Structure formats: structure tokens, C-alpha cells
Amino acid sequence: MIGNWFLRCAVLFALAGMGLGIRMGIVHDFTLSPVHAHVNLVGFTTLFLAGLFYRAMPHAAGWLAGLHFTLALPGALALSIGIAGSVTGQDWGVAVAIAGSLLTVAAMLIFAIAVFRATGSSRAESLDVVEPGYAGR
């Protein structure tokens, strides 16, 4: 299930982000703080929430979810690596960060489509995914 892949990759990003944070604290060099933030936010939080969404809404876990994953994972990786390159003065850093940003935005647009499709009122109600006790208030 695609939701599981999102969740698995997300926890790997969390571990990487925590490891980077611990390393920065040990050496008292916080140059990579932007990388740490993006690994945790884009890598962990965004992927984990998408995984929870696809697990909660299995009818949304079709080809669109696969496309979302195909764009989101390399996007989060490239964004993080590109920011690291950029803040350490590597010539390739900005270009890789831009590519990662564009992949990440494209992934979020695909996710937005998936969310809107899966939570449309007639589809959601027909699949009984509304809140228990909800009476159309």
C-alpha cells in the first residue's frame, strides 16, 4: 500500500533530521540548520501526513498517489541535498535545491488534487468516511 511507503520513508527522514540535529549540537556548528528544518518538515512531516491520509482514505491510494510518491520522495531528497550544497558554497547546490523545490511543489499539487477528489462531499458520504454522527450540519 502506498501509504505504508510514505510512512516508511518519512521515519527515515525523521531519523536523518534528528541525526543531523544531534551532530550540529555536538560540534556547535549550525550551518546546516536550514537542511535540518527541511529534512524534518518536507521529508518527515509532509510524507508522514500523506501516508496517514492514504491509509485513512484507501480509495485515494490509486495512480495519483503513486505519482505523488514518485515526485515527493526525490523532491524531498533533492531539496535537502541542494540546500546543504548551497549553504556550504557548492556550485551545484542552488540548481539541485531548485529542482527539489519544483518536484516538491508538483508533488503537493498532485496531493491537493488527491485530497480534493477523495474528500468531495458526494464521494466521501457514499464511502461512509464522514464523521460518525455527522448529519449534514
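How many aromatic pairs does the count come to? The count comes to six aromatic pairs, in a model that is predicted.

**Stop 1: F6 and F69.** Select these two residues and show their rings. A pair of aromatic rings is described by the distance of the centres and the angle of the planes. For F6 and F69 the centres are 5.1 Å apart and the planes stand at 80 degrees, so the pair is edge-to-face; the cut-off for that class is an angle over 60 degrees. F6 belongs to helix α1 (residues 2-27) and F69 to helix α3 (residues 63-87), so the pair ties together parts that lie 63 residues apart in sequence. Are the two residues buried or exposed? F6 is buried, with a relative accessible area of 0%. F69 counts as buried too, at 15% relative accessibility; the cut-off for buried is under 20%.

**Stop 2: F53 and Y54.** Keep F6 and F69 on screen and add F53 and Y54. These two form an edge-to-face aromatic pair, with 5.3 Å from centre to centre and 70 degrees between the planes. Both residues are buried. Now add F111: F6, F53, Y54, F69 and F111 make up one aromatic cluster.

**Stop 3: W5 and R8.** Select W5 and R8. The charged end of R8 sits over the ring of W5, at 5.2 Å from the ring centre.

**Stop 4: helix α2.** Select residues 33-56, which are helix α2. Its 24 residues should span 34 Å at 1.5 Å a residue, and the end C-alpha atoms are 33 Å apart, which agrees. Which residues of α2 are buried? They are V35, V39, V42, G43, L47, A50, G51, F53 and Y54, so F53 and Y54 from the second stop appear again in this list. To see what covers the buried residues of α2, display other helices: the cover includes α1, α3 and α4.

**Stop 5: S80.** Move to S80, which is placed in helix α3. S80 is buried, with a relative accessible area of 7%. What does S80 touch, leaving aside neighbours within four places in sequence? S80 is in contact with V35, H38 and V39. Of these, V35 and V39 are among the buried residues of α2.

**Stop 6: helix α4 and T104.** Select residues 93-118 for helix α4, which has 26 residues. From first C-alpha to last it reaches 37 Å, close to the 38 Å expected at 1.5 Å a residue. Buried in α4 are G93, A97, G100, T104, A107, I110, F111, A114 and A118; F111 is also a member of the aromatic cluster. Centre the view on T104, in this helix. Where does the side chain of T104 reach? It reaches the backbone oxygen of G100, at 2.7 Å. Not counting residues up to four places away in sequence, T104 touches V42, G75, A76 and L79. V42 is one of the buried residues of α2.

**Last view: the whole chain.** Clear the selections and show the full protein chain. It has five helices and zero strands, and from the N terminus on the elements run α-α-α-α-α. Of its 137 residues, 34% count as buried. Among contacts between residues at least 6 apart in sequence, 71% join residues at least 24 apart. The F6 and F69 pair, 63 residues apart, is one place to return to. With the surface switched on, the accessible area comes to about 7,900 Å², of which 70% belongs to carbon and sulfur atoms.

Conventions. Residues are numbered from 1 along each chain as its sequence is written. Side-chain values use heavy atoms; hydrogens and water are left out. Helices (H or I, at least four residues) and strands (E, at least two) are DSSP runs, numbered from the N terminus. The expected span of a helix is 1.5 Å times one less than its number of residues. Buried means under 20% relative accessible area, exposed over 50%, partly exposed in between (1.4 Å probe, protein chains only). Rings of Phe, Tyr and Trp (its six-membered ring) pair if their centres lie within 6.5 Å; planes under 30 degrees apart count as stacked, over 60 as edge-to-face and the rest as tilted. A charge sits over a ring if NZ of Lys or CZ of Arg is within 6 Å of the ring centre and within 35 degrees of the ring normal. A polar contact is a pair of N or O atoms within 3.5 Å; within protein, one must be able to donate a hydrogen and the other to accept it, and residues adjacent in sequence count only if both atoms are side-chain atoms. Contact means heavy atoms within 4.5 Å. Accessible areas come from the Shrake-Rupley method with a 1.4 Å probe; for residues, only the protein chains shown count as cover.
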